[in-house]
Amino acid sequence: MIEAVPRHLFVPDRALAMPDSDEPNYPIDREARPEEWRAAVDSNTAIITQLDDGAEGGVGLFTSSCSAPATVRDFLSALDLRDRDRVLEIGTGTGWTAALLSHRVGPENVTSVEIDSEVLAQAEKNLTRAGYSPRLVQGDGTVGQPDGAPYDRVHAACGVSEVPYAWVEQTRPGGVIVLPWNPLYGNGHLARLTVAGNGTALGRFPEFANYMMARGQRIAGRSISSYTADAEPTRSLTRLDPRTVAWDSYGADITVGALVPGVEKRMCAADDGSGEWTLWLLEPEDGAWASVDYEPGRAEFTVEQWGDRRLWDEAAAAYLRWVGRGSPSQHRFGMTVAPEGQTIWLDSPANPITP
């Protein structure tokens, strides 16, 4: 299916290539370096098409893209589309996936919502050039598009940490919602949820997936110094290696994120080649923070904590709780979305992970 619509029709002449490897990002220019441009477009490379919501002089935040083909394939496979399914897409971007959806189920069955009017205008041009005409709507995709409901499938192309319940309400029972779930703590996951008959949606995390966040769910990137300025933290020692907590498993990340809500994880390596680095735990809402310094060869590691919560203590306890459950992998976890919010569970919805 992914080969049915030429990707090059949806990539601008100038953009930023983001390889699926350890290689650095690099600019591509169709006019100046056509072979390099086409090689990037034909490879498994995400193409960044907008920075800072289109504003000049920003910090360089990636805000729109043409996703890597392998990622698009994973999401479309998880959708499990059928002939003439009615599909709601959240985040039109360049229009490539809207074209792929239109090819599969017919453009009359595809509604694609994009919050950025300039991005949407360019997507419409791209789609017209490719010969597709799905319904395009400018608006906030986190509220869905109720006048086209019920949908058989919802395809979200922007990350969320809290799944909008509107998507559940607008999907018929038995319908499927596929989205990038990007919790504040750790990496993102592809979530595949099926809508039940009781007003909930539930499912698991079959793949890893990091996407740009929906605008309304972005967390402003506060600098670490804004947390630590004028703070007088408490200090202690821990035998638990912070590398273990930070890097052990996607399953560990899901557990810690569920048990230590509202907390962001950052890792900062020393740039002197010493092998030292610091795990930071940051709570944007109240400003609490914790840091754990890894130094090679140490038997114990220095912990600093400040605020109403002791974030390292919470994270360490959550990690060890995950170990005590047998270190379950990412694929054993799932999510239920209900009117009152979302719940993470292990193996079964009857086994929620709660503090």
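These legends accompany several close-up views of one predicted protein model.

**View 1. The whole chain, before we zoom in.**
Let's start with the overall picture: the protein contains nine helices and 18 strands. Its C-alpha trace spans about 65 × 55 × 35 Å along the principal axes. For 355 residues, a compact globule would have a radius of gyration near 20 Å, and the 22 Å of this protein agrees with that. Buried residues account for 50% of the 355 residues. The accessible surface comes to about 16400 Å², and carbon and sulfur atoms contribute 48% of it. If you take the contacts between residues at least 6 apart in sequence, 57% of them join residues at least 24 apart.

**View 2. The nine-stranded sheet.**
Here you can follow an open sheet of nine strands, which come in the order β7-β6-β5-β8-β9-β10-β11-β17-β18 with mixed pairing. Strands β7 (135-138) and β18 (341-346) stand at the edges; each has a single partner strand, so one side of each is left without a neighbour in the sheet. From one strand to the next, the twist averages 20 degrees. As a reminder for reading this view, strands of a sheet pair through backbone hydrogen bonds, either parallel or antiparallel.

**View 3. From β11 through β17 to β18.**
This close-up stays with the end of the sheet that finishes at β18. Strands β11 (residues 201-208) and β17 (residues 333-338) run antiparallel and are joined by four bridges. Next along, β17 and β18 also pair in the antiparallel sense, over six bridges. A hairpin of two residues links β17 to β18. Which residues face valine 337 of β17 in its two neighbouring strands? Alanine 201 stands opposite valine 337 on one side, while glutamine 342 is the bridge partner of valine 337 in β18.

**View 4. Two helices against the nine-stranded sheet.**
Helix α2 (residues 69-79) lies across four strands, namely β8 (151-156), β9 (171-181), β10 (189-195) and β11. The direction of α2 is at about 165 degrees to β9. Helix α4 (residues 117-130) packs on the sheet as well, where α4 touches β6 (110-114) and β7. The directions of α4 and β7 make an angle of about 165 degrees.

**View 5. The four-stranded sheet.**
Now for another open sheet, with four strands in the order β2-β1-β3-β4 and antiparallel pairing. Strands β2 (26-29) and β4 are its edges, each pairing on one side only. Neighbouring strands are turned by 45 degrees against each other on average, direction ignored. Inside the sheet, strand β1 (residues 14-19) pairs with β3 in the antiparallel sense over four bridges. Look for proline 19, whose bridge partner in β3 is threonine 45.

**View 6. Glycine 60 in its loop.**
Where does glycine 60 sit? Its place is the loop between β3 (45-51) and β4 (62-66). Is glycine 60 buried, exposed or partly exposed? With 32% relative accessibility, glycine 60 counts as partly exposed, because that class covers values between 20% and 50%. Leaving aside residues up to four places away in sequence, glycine 60 touches Leu51 and Asp52. For a sense of scale, the C-alpha atoms of glycine 60 and lysine 125 are separated by 25 Å, and the two residues are 65 apart along the chain.

**View 7. Aromatic company.**
The structure holds eight aromatic pairs. One of them joins tryptophan 280 and tryptophan 289: the pair is tilted, with 5.6 Å centre to centre and 45 degrees between the planes. Tryptophan 280 and tryptophan 289 are both buried. Tyrosine 319 and tryptophan 322 make another tilted pair, at 5.6 Å centre to centre and 40 degrees between the planes. Why are tyrosine 319 and tryptophan 322 separated by about one helical turn? They are three residues apart in helix α9 (residues 311-324). Tyrosine 319 has 5% relative accessibility and counts as buried; tryptophan 322, at 3%, counts as buried too. To round off the view, Trp247, Trp277, Tyr294 and Phe301 form one aromatic cluster.

Definitions and conventions. Residues are numbered from 1 along each chain as its sequence is written. This is a predicted model: local features need pLDDT of at least 70, side-chain atom pairs count only at pLDDT 80 or more; totals for chains, interfaces and linings use all residues. Side-chain values use heavy atoms; hydrogens and water are left out. Two strands pair if DSSP finds at least two bridges between them. Axes are lines fitted to C-alpha atoms, for helices over the stretch in contact, and angles run from 0 to 180 degrees between N-to-C directions. Contact means heavy atoms within 4.5 Å. The radius of gyration is taken over C-alpha atoms; the globule rule is 2.2 Å times the number of residues to the power 0.38. Buried means under 20% relative accessible area, exposed over 50%, partly exposed in between (1.4 Å probe, protein chains only). Accessible areas come from the Shrake-Rupley method with a 1.4 Å probe; for residues, only the protein chains shown count as cover. Rings of Phe, Tyr and Trp (its six-membered ring) pair if their centres lie within 6.5 Å; planes under 30 degrees apart count as stacked, over 60 as edge-to-face and the rest as tilted.
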